[in-house]
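Biologist: I'd like to learn how the words in a structure description are earned. Could you show me the model and let me ask?

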Amino acid sequence: MNLPKDLTKDIITRLKSIEGQTRGLIAMLEEDKDPEKILTQFKAVQKALDKSHFLLLDEAYRKALAIKIVETMDACPGNCGNEDRIEFIRKQFPNLEMDDLTEKMKEIAELKKRIDARNEQSS
């Protein structure tokens, strides 16, 4: 899976900023700066790293879920008994939050598994 160029650029920019913050942290430690200021800097680095990680995960999960929805829709040509649920997930897709993405990923995978099993029995 290739990441969109703008996402890659954004994450690289964020990581370079984090790299600078980390160098600043090292300097603060070497200069025996106030522990409260060091802790504040650690929190800023962690928050920036978490945001970068979230952006990457969000992109990966969204692509994976989109692919799985399409595969499931293709496996269900309109008479598999799960059309309403598949359509519901498809309509929700653009507005799903990260926690919802993982839940819907599991749900659509289970639907696909049931449809595949049903299709095998029909063959």
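Here are some questions and answers about helices, a salt bridge and confidence.

Modeller: Happy to help! Keep in mind that this is a predicted model. The chain averages a pLDDT of 85, and 98% of the residues score at least 70.

Biologist: Which elements have the lowest and the highest mean pLDDT?

Modeller: Helix 3 has the lowest, at 80, while helix 1 (residues 5-30) has the highest, at 94.

Biologist: Why is helix 3 called roughly antiparallel to helix 4?

Modeller: Look at the axes of helix 3 (residues 83-92) and helix 4 (residues 98-122): they cross at roughly 150° and come within 11 Å. Angles over 145 degrees count as roughly antiparallel, so helix 3 earns that name relative to helix 4. The crossing is left-handed.

Biologist: What makes the contact between helix 3 and helix 4?

Modeller: Helix 3 brings R85, I86, I89 and Q92, and helix 4 brings K104, E107, I108, L111 and I115. Five of these contact residues are nonpolar, one is polar and three are charged.

Biologist: How do you know that R14 forms a salt bridge with D10?

Modeller: The cut-off is 4 Å between a side-chain nitrogen of Lys or Arg and a carboxyl oxygen of Asp or Glu. For R14 and D10, the closest N and O atoms are 3.0 Å apart, and the pair counts as a salt bridge. A search of the whole structure finds eight salt bridges.

Biologist: Why are R14 and D10 separated by about one helical turn?

Modeller: Because they are four residues apart in helix 1.

How values were computed:
Residues numbered from 1 in each chain as written. Heavy atoms only, no water. Axes fitted to C-alpha atoms, helices over the stretch in contact; angles between N-to-C directions. Helix = DSSP H or I, 4+ residues; strand = E, 2+ residues; numbered from the N terminus. Parallel < 35°, antiparallel > 145°, perpendicular 65-115°, else oblique. Left-handed = near helix turned anticlockwise from the far one by under 90°. Contact = heavy atoms within 4.5 Å. Nonpolar A, V, L, I, M, F, W, Y, C, P; charged D, E, K, R; others polar. pLDDT = per-residue confidence, 0-100.
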